[in-house]
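Please open the viewer and keep the sequence panel beside it, since this tour moves from one selection to the next and says what is there at each stop.

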Amino acid sequence: MSLLCVAEHADFQQWKGVEEIMKDEAHRDAENLLYEAAKTINELAGISPELLIEHGSPAECLFDLVRRDKDISILVLAAGTAKEGPGPLVSLFASTVQPIPVTIVPGI
């Protein structure tokens, strides 16, 4: 089992120092989120998942990960509950052909 968190960051190329600080903060936030989720999974199921942090667009990072990691056999996405719809990743993956099965878990 793998957990992916994508650290998105703004593009501040004119201020390289600010850009690096923002990347570091986004990476730390992603780590914290993954560690908390992994702890919950371990407590509930006794599984220690592989933790993955990517940088960039969530959709692009997820597509790339599914393409390059042949051990991934199913993709599980949680649907959002907002009135705008299930969320951009669920909408994207539900509307395109994938090389692996996609399971969408309803939001609560």
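Is Asp64 buried, partly exposed or exposed? Select Asp64 to begin: with a relative accessible area of 37%, this residue is partly exposed, where buried means under 20% relative accessible area, exposed over 50% and partly exposed in between, using a 1.4 Å probe and protein chains only.

Before going further, please note that this is a predicted model, in which local features need pLDDT of at least 70 and side-chain atom pairs count only at pLDDT 80 or more, while totals for chains, interfaces and linings use all residues. Residues are numbered from 1 along each chain as its sequence is written, and side-chain values use heavy atoms, with hydrogens and water left out.

**The whole chain**

Show the protein chain as a cartoon, and three helices and four strands appear, arranged along the sequence in the pattern β-α-β-α-β-α-β; helices (H or I, at least four residues) and strands (E, at least two) are DSSP runs, numbered from the N terminus. The C-alpha trace of the chain spans about 40 × 35 × 35 Å along its principal axes, and 26% of its 108 residues count as buried.

Next, colour by pLDDT, which is the predictor's confidence in each residue, from 0 to 100. The chain averages 87, and 93% of the residues score at least 70. Confidence is highest in strand 2 (residues 50-55), at a mean of 93, and lowest in helix 3 (residues 88-94), at 85. Where pLDDT is low, the predicted coordinates should not be read in detail.

**The salt bridges**

Return to Asp64 and add Arg67: the two form a salt bridge whose closest N and O atoms are 3.1 Å apart, a salt bridge being a side-chain nitrogen of Lys or Arg within 4 Å of a carboxyl oxygen of Asp or Glu. Both residues lie in helix 2, three residues apart, about one turn of the helix, and Arg67, at 49% relative accessibility, also counts as partly exposed.

A search of the whole structure finds two salt bridges, so now select Glu54 and Arg68, which form a salt bridge with their closest N and O atoms 2.5 Å apart. Glu54 lies in strand 2 and Arg68 in helix 2 (residues 58-68), so this pair ties together parts that are 14 residues apart in sequence.

**The loop before helix 2**

Select Ser57, which lies in the loop between strand 2 and helix 2 and counts as partly exposed at 29% relative accessibility. Adding Asp71 gives a pair that is 14 residues apart in sequence and 22 Å apart in space, C-alpha to C-alpha.

**Two surface patches**

Switch to a surface view and select Glu20, Asp24, Glu25 and Asp29, which form a negative patch. Patches are made of residues with over 30% relative accessible area and no salt bridge, like charges being joined within 9 Å and nonpolar side chains (Val, Leu, Ile, Met, Phe, Trp, Tyr) within 5 Å. Within this group, Asp29 is placed in helix 1 (residues 16-45) and counts as exposed at 52% relative accessibility.

Then select Ile74, Val76 and Val105, a nonpolar surface patch with about 240 Å² of accessible area together. Val105 lies in strand 4 (residues 102-105) and is partly exposed, with a relative accessible area of 38%.

**Last stop**

Finish at Ala94, which is found in helix 3 and counts as exposed at 55% relative accessibility. If Leu77 is selected as well, the pair is 17 residues apart in sequence and 9.9 Å apart in space, C-alpha to C-alpha.

Terms used
Accessible areas come from the Shrake-Rupley method with a 1.4 Å probe; for residues, only the protein chains shown count as cover. Lys and Arg count as positive and Asp and Glu as negative; His and the chain ends are not counted. The place of a charge is taken as NZ of Lys, CZ of Arg, CG of Asp or CD of Glu.
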